[in-house]
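Work through the following exercises with the sequence and the coordinates at hand. Each exercise sets a task and is followed by a solution in steps.

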Amino acid sequence: MNAPSMLYEILSEKFNDIIDKESSSQLWSGCGCVNRMCLDGMDVVVKFAQVPTQLIHRNIVQTDFALARKLKSYQIELAFYQQQAARLDGVCLVPKPIHAVQRDCTTCLVLSDFSGDGFRAESDPCTEHHHQVLTWLADFHSYFMIQNDIGWQEGGYWHLATRPDEFQRMAHSELKTHANSIAALIRDCPYRTQIHGDAKIANFVFNSELAVLGYDFQYLGSGLGIQDVMLYFTSVFDNDGLYTHADELLEYYFVKLADNLITKHSMQNSRDIVSCWRELWPVVWSDFHRFLLGWKPDHFKINDYMCEQSQNTLRLVRG
């Protein structure tokens, strides 16, 4: 059965009136589609994922390991919406789950259409947009400090354990030599939460009052909140922007995080978490740098700021 037919078969088991509203957009490397639809009078977004036997990508040849990782990412996201999304009411905004189905290598996720509530993507974010996203992240991270084992064992798509293929292709360098030590500094941090895992600007939308909603939870999992902050910065700032804004905005995030943590932990514990994560700021950059060098060594995100953070980390792990 082809993908469109399977999608309609799955939806028809739950909904009587199925109307396509606009052309679908494709998921990464032919893994499915996202459709805006009207189901029994409700405006929804349907994310239908069906991982093929071979992913086609211009930069890499996919292995069975990579295929399994991509399939699990859709299953992780489906489980998040089934088990956790409703609990975030009053914490931070995410799409509301309406229906979810998983069958072998296929997942179908029906979510509320946030565009109907006035939420739109922002391609040229200003400081206030950054503040709103960082507040969302601080709210998300502080909430999950007390429940940090619901997604991937390690969240994010770039950490060493989930990228053996890219590590094998990576040219020899100090970052490759010390990759395991760098990964251990992150993995062994005693203060862990759930991270979004793909907190780029494209996965946040804003309404006219600059309220922010986050979506796309395929790489949700255990990690350090600053991993999300780092990835967000890579999606909105070039090298000059990082040198100009990163320190100030990182402090903004830490203030918001600490304010939240104090309500759930002791003040000393809150300070310890912020202090530990602050020290690991260059480490999470070097970990992402290692991934990019294996994924696409001429990637535009590799810049002087990132390389400086990696050098800071290498001085730490050389001993």
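**Exercise 1. Classify the residues that line the largest cavity, and then place that cavity in the chain.**

Solution. The lining of the largest cavity divides into 3 nonpolar, 5 polar and 3 charged residues, where Ala, Val, Leu, Ile, Met, Phe, Trp, Tyr, Cys and Pro count as nonpolar, Asp, Glu, Lys and Arg as charged, and the others, Gly among them, as polar. The model is a predicted one, in which local features need pLDDT of at least 70 and side-chain atom pairs count only at pLDDT 80 or more, while totals for chains, interfaces and linings use all residues. Residues are numbered from 1 along each chain as its sequence is written, and side-chain values use heavy atoms, with hydrogens and water left out.

The next step is to list the lining itself: Glu154, Gly155, His159, Leu160, Ala183, Ile186, Arg192, Ser222, Gly223, Gln227 and Asp287. Two elements, α6 (179–187) and β10 (221–223), each give two or more residues to this lining; helices (H or I, at least four residues) and strands (E, at least two) are DSSP runs, numbered from the N terminus.

The volume of the largest cavity is about 60 Å³. On a 1 Å grid over the protein atoms alone, a cavity is a set of points where a 1.4 Å probe fits but cannot get out, a pocket is an open set with protein on both sides within 12 Å along at least five of seven lines, and lining residues have an atom within 4 Å of a point. Grid points are joined across faces, edges and corners, and a volume is the space filled by probe spheres set on the points.

**Exercise 2. State how many cavities of 30 Å³ or more there are, and describe the second largest.**

Solution. The count comes to 2 cavities of 30 Å³ or more. The second largest cavity holds about 40 Å³ of space, and its lining is made up of Lys47, Tyr74, Glu77, Leu78, Thr107, Cys108 and Leu109. Here α2 (64–83) and β6 (106–112) are the elements that give two or more residues to the lining, which by class has 4 nonpolar, 1 polar and 2 charged residues.

Tyr74, one of these lining residues, can also be related to Ala49, since the two are 25 residues apart in sequence and 7.0 Å apart in space, C-alpha to C-alpha. Ala49 belongs to strand β4 (residues 42–50), and with a relative accessible area of 1% it is buried (buried means under 20% relative accessible area, exposed over 50%, partly exposed in between, with a 1.4 Å probe and protein chains only).

**Exercise 3. Describe the second largest pocket by its volume and its lining.**

Solution. About 170 Å³ of space lies in this pocket. The residues around the second largest pocket are Phe65, Ala68, Arg69, Lys72, Trp152, Gln153, Glu154, His159, Ala161 and Thr162, and they sort into 4 nonpolar, 3 polar and 3 charged. Glu154 and His159 appear both in this lining and in that of the largest cavity.

**Exercise 4. Determine whether Arg290 is buried or exposed, and find what it touches.**

Solution. Arg290 is located in helix α10 (residues 281–295), and it counts as buried because its relative accessibility is 4%. Leaving aside neighbours within four places in sequence, Arg290 is in contact (heavy atoms within 4.5 Å) with Trp158, His159, Leu160, Arg163, Phe167, Met170, Leu175 and Ala179. Among them, His159 and Leu160 also line the largest cavity.

**Exercise 5. Examine the phi values of Asp40 and Asp216, and say where each residue lies.**

Solution. Most residues other than glycine have a negative phi, and most peptide bonds are trans. Asp40, although not a glycine, has a positive phi of about 50°; it is found in the loop between β3 (32–39) and β4 and is partly exposed, with a relative accessible area of 36%.

Asp216 has a phi near 70°, also positive, and lies in the loop between β9 (212–214) and β10, where its relative accessible area of 17% makes it buried. Asp216 is one of the contacts of Asp198, a residue in the loop between β7 (193–195) and β8 (204–206) that is buried at 10% relative accessibility.
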